[in-house]
Each structure stands twice: as C-alpha cells, then as structure tokens.
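Biologist: Could you take me on a close look around the ligand site? I'd like one connected walk through it, with the cut-offs spelled out as you go.

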Amino acid sequence: MTRRAVVVGTGHYLPERVVENAEFEKTLDTSDEWIRARSGIERRHFAAEGETTSSMATAAAKAALDDAGLTADDIDAIVLATSTADLTFPSAATMVQAQLGMTRGFAFDVQAVCAGFVYALCNASALIASGQADRVLVIGAETFSRIMDWSDRSTCVLFGDGAGALILEAQTGAGTSDDRGILSTDLNSDGRYKDLLYVDGGVSTQSTGHLRMQGNQVFRHAVEKLAKTATTALERAGLDAKDVDWIVPHQANIRIIQGTAKKMGLSMDNVVVTVQDHGNTSAASIPLALSVGKERGQIKPGDLIVTEAIGGGLAWGAVVLRW
Ligand code: UT7
C-alpha cells in the first residue's frame with residue numbers, strides 16, 4: 001500500500017482586465033500578427049491596482065475548496081509557488097492562510113520561477129507521502145505585470161497575471177501506475193544559465209528590477225529539456241508517452257508546446273492549451289491550465305497527465321499524475 005497525493009479539487013482566478021495584443025501596437029513597434037505567430041499569445045489578464053499575488057491566490061484557493069467540498073479547516077498545509085510575492089516577507093502562503101481564516105497547519109512559498117508549480121507539487125507530494133500532511137493546498141500565483149519593462153517589446157508582450165490552485169489529499173493506492181494521484185516526479189536546475197532569464201534587482205541588491213530574457217536561447221533549452229524531463233518522469237512511473245492522456249505544459253509559447261509534444265511523439269489533441277488566453281503566467285500557468293482543462297471537460301477522472309515546465313535558473317521538471 002502506498003500513500004498517494006490525489007487531486008480532489010481545482011480552482012483558478014484571472015483578473016478582470018483583459019489586454020489584447022493590439023493594445024501593445026499603440027506604444028511599441030510590435031503587432032498582433034508578430035505576437036500570435038511567434039508565441040501563440042492573443043491576450044492576457046493584468047491585475048488591477050491593489051490586486052496582489054496573495055489576493056489572487058486566495059480567490060483561486062477558495063474556488064478549489066468549493067470544488068472539493070472542503071473548508072480551510074480541512075487543510076494541513078499550503079504550498080504556494082510564486083516569484084512575485086506581495087512582500088519580501090512573510091511568505092504569500094501565510095497571507096493566504098490568514099485570508100482563508102486558517103489558524104492551524106503551516107504555509108510556505110516555493111520559488112522556482114516558471115517551474116515553480118512543478119516544484120510545489122513535488123514538495124506537496126513528499127509532505128503527503130511522509131505523513132506530514134493529509135491535505136495540501138498547492139497554489140501557483142503571479143503578478144508578472146509588476147516586473148515588466150514596458151519599453152522592452154521582446155518580453156512585455158509575453159506575460160500575464162493569474163492564479164490556480166489544487167487540493168491534494170492522501171489516499172491509499174496499490175503502489176502501481178494504475179493508482180490515482182502523483183506517481184512520479186523529476187526536478188532539475190542548472191544555475192550556470194542565470195543570465196538567460198532573470199530579474200535585474202532584488203532585496204540584497206537594493207532594487208526591484210525588471211524581467212530580462214534572452215528568449216531565443218531559453219527557447220532552445222526548453223524543447224529539449226522539457227521532452228527529456230517528461231520522459232524521465234514517465235519512466236520512473238513505469239510508463240511511456242503512449243500512456244499519456246494529457247500533457248499539461250507550462251504555457252510560455254505555443255511553438256515550445258508543439259515542439260515538446262512532437263518530440264514525445266504525441267499529437268496536439270493530447271495537450272491542454274491556454275497560452276492564447278492567459279499568456280505566460282509563470283508558476284500560475286499549470287494550475288490555471290489544469291483547472292480550465294477540467295472545466296472544459298478535457299481532463300477526466302482516471303486520465304494520465306504529465307505536467308512539465310522550465311524557467312529562470314534555469315530550473316525545470318515534470319510530474320506524472322493520474323487524475
Ligand atoms: O516561461 C519561462 C520560459 N520562457 C520561455 O519559454 C520563452 C522562450 N522564448 C520564446 O518564447 C521566444 O524566443 C520569443 C517569443 C520570446 C521570441 O521568439 P523568437 O522566434 O525566438 O524571436 P527572436 O527573439 O529570435 O527575435 C526575432 C526578431 C528580432 O528581430 P531581428 O533581430 O531579427 O531584426 C526581434 O527584435 O523579432 C524581433 N522582436 C519583435 N518584433 C515584433 C522581438 N520581440 C518583438 C515584438 N514584436 N514584440
């Protein structure tokens with residue numbers, strides 16, 4: 001018998017303000033056509049003034065609790081993936097804890113940029129497997145609009161804001177790949193690639209900074225590393241690509257998503273795609289895609305899912321789970 005972390009609820013939140021590609025044509029030398037063709041992005045949501053990562057995370061968490069038929073009292077831990085916490089400290093996770101009225105358990109943030117949600121899922125799965133927690137609220141939430149350089153057309157058209165949440169619950173499986181829940185994980189990072197994607201400021205350098213990216217370099221790493229990490233995670237579960245019902249990838253660029261599926265020998269019919277409507281929401285993109293994919297009726301109980309992501313660090317990884 002094996003303790004598995006099984007998804008029992010999903011939820012998401014997107015800010016009200018939708019910004020279409022055409023809006024950038026007013027201030028930048030860019031076009032809707034270029035953004036669609038190079039990234040697949042058509043629109044994104046931007047947080048309103050006063051809206052924060054923790055407020056969006058709380059809204060997504062409440063939706064996931066409702067979906068699971070649970071209350072905050074039923075949750076033992078919150079793991080929140082973000083690179084854009086409201087404050088330097090305390091963690092955004094403890095702010096969500098307070099906003100949910102949760103007075104027990106523990107909460108912490110995970111920072112692995114766009115790979116953050118994969119890292120958070122691994123942490124939550126380990127907490128459940130070890131018996132430290134029976135129910136974990138796992139959230140990805142970001143306000144990347146706050147770290148954009150609005151004069152840099154090569155980055156500011158790509159990112160958006162939002163939050164997604166899952167509730168993982170300990171359930172007993174037989175220890176086989178037929179079990180529901182998280183079956184395997186694979187995490188990687190290589191700090192030598194820091195200069196490909198970073199924010200040029202932070203607390204110990206006394207500034208806030210803006211996102212800087214050598215997009216075409218990140219692109220090259222992405223397809224190769226994502227297909228490899230997904231394949232490694234599948235192998236660890238004793239599975240291969242033909243067993244996969246859905247790839248739920250980090251939503252950065254439709255061409256990366258297509259290239260990864262192709263490398264894995266899978267059709268785009270097996271991929272949940274939201275990049276056209278959300279842009280790149282960093283650590284929020286996978287839980288947003290899982291929640292939207294379930295709402296659309298794509299993801300169903302029993303489906304085998306592989307999620308994969310890469311971002312600043314570089315940090316990348318994959319999780320295989322049965323819904
Ligand atoms: O989520 C974290 C991980 N991040 C990613 O996965 C992002 C990975 N990278 C990408 O998605 C793509 O590299 C981009 C969408 C960022 C760029 O696409 P690309 O096909 O790699 O284009 P490029 O950077 O090689 O640029 C091609 C051209 C350049 O012009 P020249 O030098 O060829 O004259 C850029 O200046 O496109 C130009 N360009 C633009 N043109 C119109 C760059 N941004 C824009 C823009 N509008 N917004």
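Modeller: Sure, let's start with the make-up of the shell: by class it has 11 nonpolar, eight polar and four charged residues. Here Ala, Val, Leu, Ile, Met, Phe, Trp, Tyr, Cys and Pro count as nonpolar, Asp, Glu, Lys and Arg as charged, and the others, Gly among them, as polar. Before going on, a caveat: this is a predicted model, where local features need pLDDT of at least 70 and side-chain atom pairs count only at pLDDT 80 or more, while totals for chains, interfaces and linings use all residues. Numbering runs from 1 along each chain as its sequence is written, and side-chain values use heavy atoms, with hydrogens and water left out.

Of the 23 residues around the ligand, the ones that come nearest are Thr30, Arg38, His250, Asn253 and Asn280; a residue is near if one of its heavy atoms lies within 4 Å. Now the polar contacts (pairs of N or O atoms within 3.5 Å). A polar side-chain atom of Asn280 is 2.6 Å from a ligand oxygen, and a side-chain N or O atom of His250 lies 2.8 Å from an oxygen atom of the ligand. Arg153 uses its backbone instead: an N or O atom there is 2.9 Å from a ligand nitrogen. As for burial, the ligand taken alone exposes 960 Å², and the protein buries 73% of that (Shrake-Rupley areas, 1.4 Å probe).

Which elements build the shell? Helices H1 (32–39), H5 (153–156), H6 (215–236) and H7 (254–263), plus strand S12 (304–311), each give two or more residues. The largest share, four residues, comes from H6. Helices (H or I, at least four residues) and strands (E, at least two) are DSSP runs, numbered from the N terminus.

Zooming out, domain 1 (2–173) and domain 2 (181–322) both give residues to the shell, so the ligand lies between them; those bounds come from an automatic or database domain assignment. The ligand sits in the second largest pocket. A pocket is an open set of points on a 1 Å grid over the protein atoms alone, with protein on both sides within 12 Å along at least five of seven lines, and "sits in" means that more than half of the ligand's atoms lie within 2 Å of its grid points.

Notes: A polar contact is a pair of N or O atoms within 3.5 Å; within protein, one must be able to donate a hydrogen and the other to accept it, and residues adjacent in sequence count only if both atoms are side-chain atoms. On a 1 Å grid over the protein atoms alone, a cavity is a set of points where a 1.4 Å probe fits but cannot get out, and a pocket is an open set with protein on both sides within 12 Å along at least five of seven lines; lining residues have an atom within 4 Å of a point.
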